[in-house]
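Student: Let us go through the labels one by one. I will ask what earns each of them.

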Amino acid sequence: MPGQFRQEKINSLIKDFAGKFIGQTIGGGVFASITRVETSNDLREATIYLSVFPEDKQEYAVAKLKKELGVLRTQLSDKGGLANAPHIDIAIERMDITSA
């Protein structure tokens, strides 16, 4: 399906740009990794899911990144070729870890 291909391509583009953006934005001994990106079907909204270490710095990392999301959207528009970059949100990836 062509729409799904475009959605996956935009997810990949956002993930690439967000990875660089996160590396430049977060400091202070905090490591954040993108686990996935989900874009809405109409391509107007995207959520970047993160894994953050140490865990007690999750709120700090999300707040710092959300404060700078305008920079990421500008980069996606200017350098990524997305004329209408989606509204972006940041969320912590919630993993259910159960012991066997």
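**The largest pocket**

Tutor: By class, the largest pocket is lined by seven nonpolar, two polar and three charged residues. The model is predicted: local features need pLDDT of at least 70, side-chain atom pairs count only at pLDDT 80 or more, and totals for chains, interfaces and linings use all residues. Residues are numbered from 1 along each chain as its sequence is written, and side-chain values use heavy atoms, with hydrogens and water left out.

Student: What makes a residue count as nonpolar, charged or polar?

Tutor: A fixed list. Ala, Val, Leu, Ile, Met, Phe, Trp, Tyr, Cys and Pro are nonpolar; Asp, Glu, Lys and Arg are charged; the others, Gly among them, are polar.

Student: What makes it a pocket and not a cavity?

Tutor: Both are sets of points on a 1 Å grid over the protein atoms alone. In a cavity, a 1.4 Å probe fits but cannot get out. A pocket is an open set, with protein on both sides within 12 Å along at least five of seven lines. Rolling a probe the size of a water molecule over the atoms shows where empty space is left.

Student: How much space lies in the largest pocket?

Tutor: About 210 Å³. That volume is the space filled by probe spheres set on the points, with grid points joined across faces, edges and corners.

Student: Which residues lie nearest the centre of the largest pocket?

Tutor: Ser51, Val52, Glu55, Gln58 and Glu93, out of 12 lining residues. To count as lining, a residue needs an atom within 4 Å of a point. Strand E2 (residues 45-53) gives the most, with four residues.

**Buried or exposed**

Student: Why is Tyr49 given the label it has: buried or exposed?

Tutor: Buried means under 20% relative accessible area, exposed means over 50%, and partly exposed lies in between (1.4 Å probe, protein chains only). Tyr49 has 17%, so Tyr49 is buried. Its place is in E2. Its contacts (heavy atoms within 4.5 Å) include Ser33, Ile34, Ala91 and Ile92, leaving out residues up to four places away in sequence. Tyr49 and Ile92 are 43 residues apart along the chain, yet their C-alpha atoms are separated by 5.4 Å.

Student: And Gln58, which has a relative accessible area of 19%: buried or exposed?

Tutor: The value of 19% is under 20%, so Gln58 is buried. Beyond four places in sequence, Gln58 touches Val52, Ile92 and Arg94.

Student: What is the label for Tyr60 in helix H2?

Tutor: Partly exposed. Its 36% falls between 20% and 50%, so neither of the other labels fits. Tyr60 touches Gly27 and Val30, with residues up to four places away not counted.

Student: How do you know that the buried residues of H2 line one face?

Tutor: The buried residues of H2 (residues 58-67) are Gln58, Ala61, Val62 and Leu65. Seen down the axis of H2, they fall within an arc of 95 degrees, so they line one face of the helix. The arc is taken over the directions from the helix axis to the C-beta atoms. On the other side of H2, Glu59 and Lys67 are exposed.

**Strands and backbone**

Student: What makes a run of residues a helix or a strand?

Tutor: Both are DSSP runs, numbered from the N terminus: H or I with at least four residues for helices, E with at least two for strands.

Student: How do you know that strand E1 (residues 31-39) pairs with E2?

Tutor: Pairing needs at least two bridges found by DSSP. Eight bridges join E1 to E2, so the two strands pair, running antiparallel. Phe31 has Phe53 as its bridge partner in E2, and Glu38 stands opposite Thr47. E2 is also joined to strand E3 (residues 87-92) by six bridges, and these two run parallel.

Student: What is special about phi of Leu43?

Tutor: Phi is near 65 degrees, a positive value in a residue other than glycine. Leu43 sits in the turn of the hairpin that E1 and E2 form, with five residues between the strands.

Student: What is the peptide bond from Phe53 to Pro54: cis or trans?

Tutor: Cis, with omega near -5 degrees. Pro54 lies in the loop between E2 and H2.
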